[in-house]
Amino acid sequence: MTESKFTCRWALLGLSNIAKTFLDDLTLPQEGAIQHSLSCVSTTSSKEKAQQWLAERSNLDASRVQIYTTFEEMLQRGEFDIVYISTPHPLHYAHAKAAIKHGRHVLVEKPATMNKAQFESLSALAKSAGVVLMEAMWTRYLPAVQYLQQILPQIGKVKRVFSDLSVPIADEDMPRSSRLLDKQAGAGAMLDMGVYALTWVDLAFNGSPSTKVAFAKTITYDTGKELIDDINTVVLNSGDGSQVAIVTTSMTLPGSTKHSDKLAVEKVAPSVRIEAENAQVSIPFPLIRPQELHIEWYKKEKLSKDGSEVRETVSKPVERGWGLWYQADVIAREVQIRGASRTQGTGLVIGGDETVRILEWMDTARGLSGIVYDDALEASSEKMSSHVYAVLAFD
Ligand SMILES: NC(=O)C1=CN([C@@H]2O[C@H](COP(=O)(O)OP(=O)(O)OC[C@H]3O[C@@H](n4cnc5c(N)ncnc54)[C@H](OP(=O)(O)O)[C@@H]3O)[C@@H](O)[C@H]2O)C=CC1
Ligand SMILES: O=C1OC[C@@H](O)[C@H](O)[C@H]1O
């Protein structure tokens, strides 16, 4: 059966760096049944700055995009199907909540919220309001990950996983005002990068709910103003103790950006290593955007005639752009199915179980390694979330 065509109209909250890549992906020439267009944006900057931002995007007729300077107004008046929230993570909860309360479908950047409690509160609201909510954990929807999920039964029981995301973003060239160095904006490698590295553990363990964090330790980075978590090590075990995962992150390692760029080109340094009964699967750096899998089969039936292990490289490239559109297609399809209806109690949280598991792991890991944010950024009550707006002073 052919899928019916649908053009999903997007609203952007925040003219962020990642929103540029997202929008560029959405506006690439599209062939599938799902198409995307940009309807409106909401910014804390001026209309002129927003016009400039939009004019710099290719494949976009900026004159057709409505610009709002308050989120509230966009939520009330904007003609769009889904809002993409890409503000700094401590704002995700309050922003997503406001959108859901206006009956809007939401794609919210990673980490979806600061903690599990906030996300559970959003999920309950979304279900009750009859809207679709999804964390923009785009990696999960890429072809290489879809392929891994297909071969999981063949590789057998996964015994050990190594998963590392280390990108030296916190170097001397970074502007001091960056959200990556400001704790009030959620800075820290665990929330920014650990969320990806842990996603691979969840994928490798096929969503096993019994996996728990057993150990976590952080080495901090001194921004000159405050200490933020940088070199994190987290160990997880399955419920019966027969599976282990070792997760690492860093925002200062490896020592130079040039070196990590080189790793991305060479495709040899493993970013993920999944050791299972029948095979080992390695994913080259960086694990956020996997494009090939290196599989070494050591199961008896799979050995070559001379008894040696069979190595294969499976190429699963991102088909166009950076790859942020795969997740957009997934949520757009659900929104298309729902049409204009917002039946109370029928909302959907795409990937919600995964998001909750990973936020719970990060909550525990942060507790064990002492990664603490202001209460105002972590709270899930009405009063505290509005306080967040006052606490965060971005320029
Ligand atoms: N999926 C991925 O690959 C990536 C995801 N991310 C995630 O996306 C989010 C944004 O990251 P990044 O692109 O680096 O962020 P930026 O710092 O580039 O942009 C954040 C934007 O949020 C808006 N903003 C800031 N403060 C407020 C406020 N108080 N109220 C409303 N809006 C505000 C601003 O937009 P404006 O000026 O228009 O108001 C600002 O430009 C983070 O949660 C991050 O984890 C980040 C990078 C990659
Ligand atoms: O989502 C992201 O992906 C790549 C990282 O370097 C970045 O800091 C992060 O926000």
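**Ligand 2**

I began with the surroundings of ligand 2 in this predicted model, and I found Lys-110, Ile-169, Arg-179, Leu-180, Asp-192, Tyr-196 and Ile-288 around ligand 2. Sorting these shell residues by class, I noted 4 nonpolar and 3 charged residues, with no polar ones.

Next I looked up which side chains reach the oxygen atoms of ligand 2. For Asp-192, I read a distance of 2.5 Å between a polar side-chain atom and an oxygen atom of ligand 2. Tyr-196 has an N or O atom in its side chain at 2.7 Å from an oxygen atom of ligand 2, and for the side chain of Arg-179 the corresponding entry is 3.0 Å, again from an N or O atom to an oxygen atom of the ligand. I then checked how far ligand 2 is covered, and wrote down that the protein covers 77% of the 270 Å² of accessible area that this ligand has on its own.

**Ligand 1**

I turned to ligand 1, which has 22 residues around it, and I listed those that come nearest as Leu-15, Thr-43, Thr-44, Lys-110 and Arg-179. Two of these names, Lys-110 and Arg-179, I had already entered among the residues that surround ligand 2, so I marked them in my notes as belonging to the surroundings of both ligands.

How does the shell around ligand 1 divide by class? I counted 11 polar, 7 nonpolar and 4 charged residues there. Which helices each supply at least two residues of this shell? I found helix H1 (17-26), helix H4 (92-101) and H7.

For the polar atoms, I noted that a backbone atom of Asn-17 lies 2.9 Å from an oxygen atom of ligand 1. The side chain of His-89 places an N or O atom 2.9 Å from an oxygen atom of the ligand, while for the side chain of His-92 the distance is 3.1 Å. Of the 910 Å² of accessible area that ligand 1 has on its own, the protein covers 83%.

**Helices H7 and H10**

Having met H7 in the shell around ligand 1, I looked at how it is placed against another helix. The axes of helix H7 (residues 189-204) and helix H10 (residues 352-369) come within 10 Å and cross at roughly 125°. Are the two parallel or oblique to each other? An angle over 115 degrees but not over 145 falls outside the perpendicular and antiparallel ranges, and H7 and H10 are therefore oblique to each other. I also recorded the crossing of H7 and H10 as right-handed.

**Backbone details in loops**

Last, I went through the loops for unusual backbone entries. Leu-253 and Pro-254 are joined by a cis peptide bond with omega of about -10°, and I located Pro-254 in the loop between strand S10 (244-250) and helix H8 (257-266). Another cis peptide bond joins Phe-285 and Pro-286, where omega is about -5°; Pro-286 sits in the loop between strand S12 (279-284) and strand S13 (292-297).

My final entry is for Asn-59, which is not a glycine and yet has a positive phi of about 60°. I placed Asn-59 in the loop that runs between helix H2 (47-55) and strand S3 (66-68).

How values were computed
Residues numbered from 1 in each chain as written. Chains lettered and ligands numbered in written order. Predicted model: local features only at pLDDT ≥ 70, side-chain atom pairs only at ≥ 80, totals over all residues. Heavy atoms only, no water. Near = heavy atom within 4 Å. Polar contact = N/O pair within 3.5 Å; in protein donor to acceptor, adjacent residues only side chain to side chain. Areas by Shrake-Rupley, 256 points an atom, 1.4 Å probe, with all protein chains shown as cover. Nonpolar A, V, L, I, M, F, W, Y, C, P; charged D, E, K, R; others polar. Axes fitted to C-alpha atoms, helices over the stretch in contact; angles between N-to-C directions. Helix = DSSP H or I, 4+ residues; strand = E, 2+ residues; numbered from the N terminus. Parallel < 35°, antiparallel > 145°, perpendicular 65-115°, else oblique. Left-handed = near helix turned anticlockwise from the far one by under 90°.
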